[in-house]
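Got a minute to go over what some of the labels on this model actually rest on? Here is a run of short questions and answers for the bench.

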Amino acid sequence: MSKARVLIVEDEPNIVESLSFILGRAGFDIETAVDGAEALQRLRRQVYSALILDLMLPGINGFDVLRSVRSDGELKDMPVIVLTAKGQAADRQAAEAIGATAFITKPFSNAEIVQRVSELTGG
Amino acid sequence: MDRNLTGRKIRTHRRAASLTQGQLASRVGISPSYLNLIEANKRPIAGGLLDRIAVALGISRTELDDTSEWRIVDALNELIADPEIAGSSEHSRTVADFVGRNPEWADLVLKLYRAFIDRNQAVLALADRLSRDPFLGESVHRILTNVTAIRSASEILEKNDDLSDAQRRRFLSIVAADSERLSTAARSLAEFFDNADMRVRSGTAMEHVDTFIFESNNHFAELEQLGEGFLRRNARSGASHHALIEMMVADHEKAAPSPAAGVPGATPETARSRRFRILKAMSATLAGDKVSRLVHASPSLASEAARTLATSALHAYAAAAVLMPYEPFLAAAERWRYDLDALSSQFDVSYEQAAHRLATLRRPGAEGVHFAFMRSDPSGYVTKRLSLPRLPLPRYSNACPLWVIYSAFQNAGATARAFGALPSGDRFLFFARAVEKGPQAVTFPRHLLSIMLACPAPEAGRVVYADGIDQSNPQTTVPVGTTCRLCPRENCGHRQEAALVI
C-alpha cells in the first residue's frame with residue numbers, strides 16, 4: 001500500500017522540519033509549503049490525503065487556502081487540520097465555519113499530531 | 001415633578017434654629033399657615049420674602065437657593081435610569097425629597113456613582129486594550145510559535161534514540177535557536193508591560209470640571225479683570241483693542257514661537273484660531289497664579305486630571321475675556337440681539353468662541369440672557385457642556401434626538417432653531433450650528449462640531465434666533481426631553497431606548 005501523502009502549510013521552518021520528521025517516521029509521505037500561494041499550486045498538481053494548515057501565513061492566508069479547497073470540486077472532501085494558537089477562539093470559529101475538519105492547538109505534542117493525521121487518513 | 005426644594009430647606013434651617021413656624025412667620029411678617037404652605041412647597045417663594053427669611057434664620061440667601069441641589073437631583077435621576085443601577089420609579093419619585101433632606105448624603109451617593117463609572121470605564125478600556133493591542137497579539141503568537149518548535153524538537157530528541165548525529169545536532173540547534181527567540185519575545189513583552197502607559201483617563205474628570213464651572217456660575221471675575229485691564233490700557237494708548245491684541249500676539253510669537261500641529265496638505269490654521277491659541281498660552285503667564293488659586297480652591301476638582309482640564313478651561317476663558325471684554329461684549333450682544341454672526345464679525349472671533357462667551361455673561365448685576373451651552377460631534381459625543389438650572393444636559397447618555405444640536409448636522413453652516421418644551425413644562429429656545437473645526441483638506445473627512453445654545457423661553461424675545469417663530473402657536477414648540485432614559489413621552493417616534501424610570 002502506498003504511503004498517505006500529507007501537505008504541511010506552515011511558515012515557521014523549524015516547526016515544518018519537526019513535523020516533517022515525526023510524520024515521516026510515522027509513515028507518511030510529506031510535502032511542505034511555506035505560504036498560501038505555494039500551497040494552492042501544490043494542491044492543483046498533486047493529490048493529498050490530508051492538509052495541515054496554519055492560519056497565519058504571509059500573503060494568501062490559511063482562511064483563503066481553506067476557502068479555495070472547500071470550493072474546489074475535487075478537493076472539497078479532503079481532511080484539513082488547522083493549526084491554531086491558544087486564545088484564538090474567533091479564528092477557530094471562523095475556520096470551522098469555512099469547513100476545517102479538525103483543530104490542533106499550538107503548542108501541540110508530536111503524538112497528538114501523528115494521532116490526528118492517522119485518524120483522518122485512515123492510517 | 002415638583003421642582004422646588006427651597007421649602008424643604010427653609011424647614012430644615014428653621015428646625016436647626018429651634019424656631020416654630022409661628023415664630024419664624026411673625027419675624028418675617030407672614031401668617032404661620034402661609035409659611036406652612038411654603039415649607040410644603042405648595043407656594044413658590046422668591047425675591048424679598050426669601051431674603052427676609054434668610055435674614056431671620058441668620059443664613060445667607062444662597063443657602064436657601066436650590067440651584068445646586070437641582071443639579072444633584074438631575075444627576076441622581078440619571079443614576080436611577082442607568083441600566084446597570086436600574087433604580088425604581090419609587091427612587092425617581094422620592095429623589096427630590098432625598099436631596100432636600102440629605103444634601104450631603106446625596107452628594108456622597110453621586111460621588112460614589114461617578115467613581116463607579118470611572119472604574120467601569122477603566123476596566124473596559126484595559127480589557128479592550130489587552131484583547132486588541134496589535135503588539136500583544138503578535139507577541140503571544142510569536143511566543144506560542146517558539147514554544148511549539150521547542151516542544152516538538154525536544155520530544156523528537158527525547159523519544160528517538162536512533163537519530164543520526166547530524167539529526168540530533170539539527171534538532172538541538174532548533175531548540176537552541178527557538179529558545180533564544182523565545183527569550184527575546186518574553187523580554188520585549190515584559191518591557192511592554194513595564195513601559196506601557198496603561199493609565200486610563202478619568203471619564204468623569206470632565207464632569208468634575210462641569211460641576212466646578214456650574215458652581216462658579218460660569219463666571220470668573222478674576223479672569224474678567226484681565227480682559228478689562230487690557231481694554232483700559234489699550235484705550236489710553238489710543239489704538240484699537242484689536243490692533244493691540246494683534247501686536248501683543250505677534251510679540252509673543254516672536255519671543256516664544258508655538259507652531260500649531262500642522263497637517264500636511266491641509267489648510268493653515270485660521271487667524272482666529274491662532275490668535276485664540278496664543279492668547280490661551282499667554283494666559284498661563286499672565287493669569288497662571290489666578291487660575292491656579294481658583295483651581296486649587298475648588299473642592300469639586302479633587303483629581304489631578306480634573307485640575308488639569310479645569311486649568312485649560314480657565315486659560316481659554318481668560319483668552320476669551322481678552323478678545324471679548326465683558327462690558328463691550330455684553331453691550332454688543334444686546335445691540336445685535338445675540339446674533340452670533342454679528343458678534344463674531346465685530347470681535348473677529350469664531351462662531352464657537354462667540355457662542356461660548358455668551359454663556360459666560362453672568363456678572364451679578366450685569367447679566368446677559370441665560371444660556372446653556374453644548375458642543376457635540378456627529379456621533380453624539382458631547383465635548384463641552386454647561387447646563388442651566390432647569391435645563392439639565394445629560395452626562396451619562398446621549399441627549400434627546402429632537403434637539404437641534406443634531407439636526408444642525410443636516411445642513412452644516414446653517415442655523416437650526418426651535419422652541420422645545422421639556423416634560424416639566426419648561427420651554428426653551430434652542431439654536432445650533434454645525435461648524436468646521438481644525439484644518440481642512442480635500443482628502444480628509446470634514447471635522448464638524450455642532451454648537452448649541454439654549455435660553456429660557458421668557459428670555460427668547462431678546463434673541464434674534466426667536467424671530468419669525470410664532471410663540472403664541474403651541475404647534476411651533478417641539479415636545480422634547482433631556483434624554484430617552486428619563487423621558488416620559490411614551491409615544492415619541494424618535495425614542496432610542498425605553499425610559500427606565502417614569
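Q: How do you know where one domain of chain B stops and the next begins?
A: Domain bounds come from an automatic or database domain assignment. For chain B, that assignment gives domain 1 (1-65), domain 2 (68-118), domain 3 (133-195), domain 4 (220-284 + 315-367) and domain 5 (369-502). Keep in mind that this is a predicted model. As for spacing, the C-alpha centres of domain 2 and domain 4 of chain B are 38 Å apart.

Q: Why is the largest nonpolar core said to lie between domains?
A: Domain 4 (220-284 + 315-367) and domain 5 (369-502) of chain B both put residues into this core, so it sits between them. The core has 63 residues, and B:L358 and B:F371 touch the most other members. Helix α15 (residues 304-323) of chain B gives the largest share, 10 residues.

Q: What is B:F371 in contact with, leaving aside neighbours within four places in sequence?
A: Contact here means heavy atoms within 4.5 Å. On that test the partners of B:F371 include B:Y338, B:L358, B:A359 and B:R362, and also B:L386, B:L388 and B:F431. Among the others are B:L453, B:A454, B:C455 and B:V463.

Q: Which residues does the second, separate core include?
A: This core has 28 residues, including A:L83 and A:V117 from chain A and B:I156 and B:L163 from chain B. As a general matter, nonpolar side chains in soluble globular proteins tend to be buried together.

Q: How do you know whether B:Q353 is buried or exposed?
A: Buried means under 20% relative accessible area. B:Q353 has 13%, so B:Q353 is buried. This residue is in helix α18 (residues 351-358) of chain B. Setting aside neighbours within four places in sequence, B:Q353 is in contact with B:R272, B:F276 and B:M324.

Q: What makes B:R170 "partly exposed"?
A: Buried is under 20% and exposed is over 50%, with partly exposed in between. At 33%, B:R170 is therefore partly exposed. B:R170 lies in helix α9 (residues 165-195) of chain B. Leaving out neighbours within four places in sequence, B:R170 is in contact with A:N14 and A:E17. The C-alpha atoms of B:R170 and B:V147, 23 residues apart along the chain, are separated by 17 Å.

Q: What makes phi of B:S18 and of B:N218 worth a remark?
A: Most residues other than glycine have a negative phi. Phi of B:S18 is near 55°, a positive value, and phi of B:N218 is near 50°, also positive. B:S18 lies in the loop between α1 and α2 (21-28) of chain B, while B:N218 lies in the loop between α10 and α11 (221-237) of chain B.

Q: Which of the labels, buried or exposed, goes with B:S18, and which with B:N218?
A: The cut-offs are over 50% for exposed and under 20% for buried. B:S18 has 62% relative accessibility, so B:S18 counts as exposed. B:N218 has 3%, so B:N218 counts as buried.

Q: What kind of peptide bond joins A:K106 and A:P107?
A: That bond is cis, with omega about -5°. Most peptide bonds are trans. A:P107 is found in the loop between β5 (102-106) and α5 (110-121) of chain A.

Q: Why is an enclosed space called a cavity rather than a pocket?
A: In a cavity, a 1.4 Å probe fits but cannot get out, whereas a pocket is open. The structure holds 6 cavities of 30 Å³ or more. The largest cavity has about 80 Å³ of space. Its lining has 13 residues, and the closest to the centre are B:C400, B:P401, B:C484, B:C487 and B:C492.

Q: What lines the second largest cavity?
A: The lining is B:R71, B:D210, B:F214, B:R385, B:L386, B:S387, B:L393 and B:R395. By class that gives 3 nonpolar, 1 polar and 4 charged residues. About 60 Å³ of space lies inside this cavity.

Q: How much space lies in the second largest pocket, and which element gives the largest share of its lining?
A: The second largest pocket holds about 1,000 Å³. Of its 34 lining residues, B:D65, B:D66, B:T67, B:S68 and B:P389 are closest to the centre. The largest share, 4 residues, comes from α5(B).

Notes. Residues numbered from 1 in each chain as written. Chains lettered and ligands numbered in written order. Predicted model: local features only at pLDDT ≥ 70, side-chain atom pairs only at ≥ 80, totals over all residues. Heavy atoms only, no water. 1 Å grid on protein atoms, 1.4 Å probe; cavity = no way out; pocket = protein on both sides within 12 Å on 5 of 7 lines; lining within 4 Å. Points joined across faces, edges and corners; volume = space filled by probe spheres on them. Helix = DSSP H or I, 4+ residues; strand = E, 2+ residues; numbered from the N terminus. Core = buried A, V, L, I, M, F, W, Y, C linked by side-chain atoms within 4.5 Å. Buried < 20%, exposed > 50% of the residue type's maximum accessible area, 1.4 Å probe, protein only. Nonpolar A, V, L, I, M, F, W, Y, C, P; charged D, E, K, R; others polar.
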